[in-house]
Amino acid sequence: MYSYSTYDANAYFAKATCHLNIHYTNGYVQAKRQSVAMHEIGHALGLADIRDPNSKTIMNYSPAYRYDQIKISRIQQDDISGINAIY
Ligand SMILES: [Zn+2]
């Protein structure tokens with residue numbers, strides 16, 4: 001799975017693209033696919049992976065922890081704070 005964004009000459013978003021690999025996600029329950037999609041949209045908006053394995057955010061790099069262990073499939077307050085810091 002990956003995401004990228006492009007910007008126009010004024011540094012405004014021109015386009016954001018997210019790709020989900022159904023080879024992996026078709027075996028996921030709907031809420032886990034949502035977790036992956038929200039994570040990738042976070043990347044498209046400019047958020048980086050959170051490498052702290054105990055991070056309780058949608059940007060935690062590990063879907064096994066993020067969804068399978070702590071059941072996060074929606075953005076959390078730390079994710080919102082990250083977006084607010086960027087914009
Ligand atoms: Zn990521």
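**A guided tour from Ala-16 outward**

Begin by selecting Ala-16, which counts as partly exposed because it has 16 C-beta neighbours inside 10 Å, a value between the 12 or fewer of an exposed residue and the 20 or more of a buried one. Please note that the model in the viewer is predicted.

Next, extend the selection to residues 13-19. This stretch is strand β2, the element in which Ala-16 is found.

Keep Ala-16 highlighted and add Ser-5 and Ala-44. Ala-16 is in contact with both of these residues, once its neighbours within four places in sequence are left aside. Then select Val-36, which lies 20 residues from Ala-16 along the chain; the C-alpha atoms of the two are separated by 16 Å.

Now display the whole protein as a cartoon. Which elements appear, in order from the N terminus? The order is β-β-α-α-α-α, giving 4 helices and 2 strands. The radius of gyration is 13 Å, close to the 12 Å that the globule rule gives for 87 residues, so the protein is as compact as a globular protein of that length. Along the principal axes, the C-alpha atoms fill a box of roughly 40 × 30 × 20 Å.

With the entire chain still in view, consider burial and contacts. Of the 87 residues, 18% count as buried. Among contacts with a separation of 6 or more, 35% join residues 24 or more positions apart.

Finally, select residues 29-87. An unreviewed UniProt entry annotates this span as "domain: Peptidase M10 metallopeptidase". The span is 54% helix and 0% strand, and its end C-alpha atoms lie 32 Å apart.

Key:
Residues are numbered from 1 along each chain as its sequence is written. This is a predicted model: local features need pLDDT of at least 70, side-chain atom pairs count only at pLDDT 80 or more; totals for chains, interfaces and linings use all residues. UniProt positions are given in the numbering used here, feature names are shortened, and annotations may be inferred rather than shown by experiment. The radius of gyration is taken over C-alpha atoms; the globule rule is 2.2 Å times the number of residues to the power 0.38. Two residues are in contact if their C-beta atoms, placed from the backbone, lie within 7 Å.
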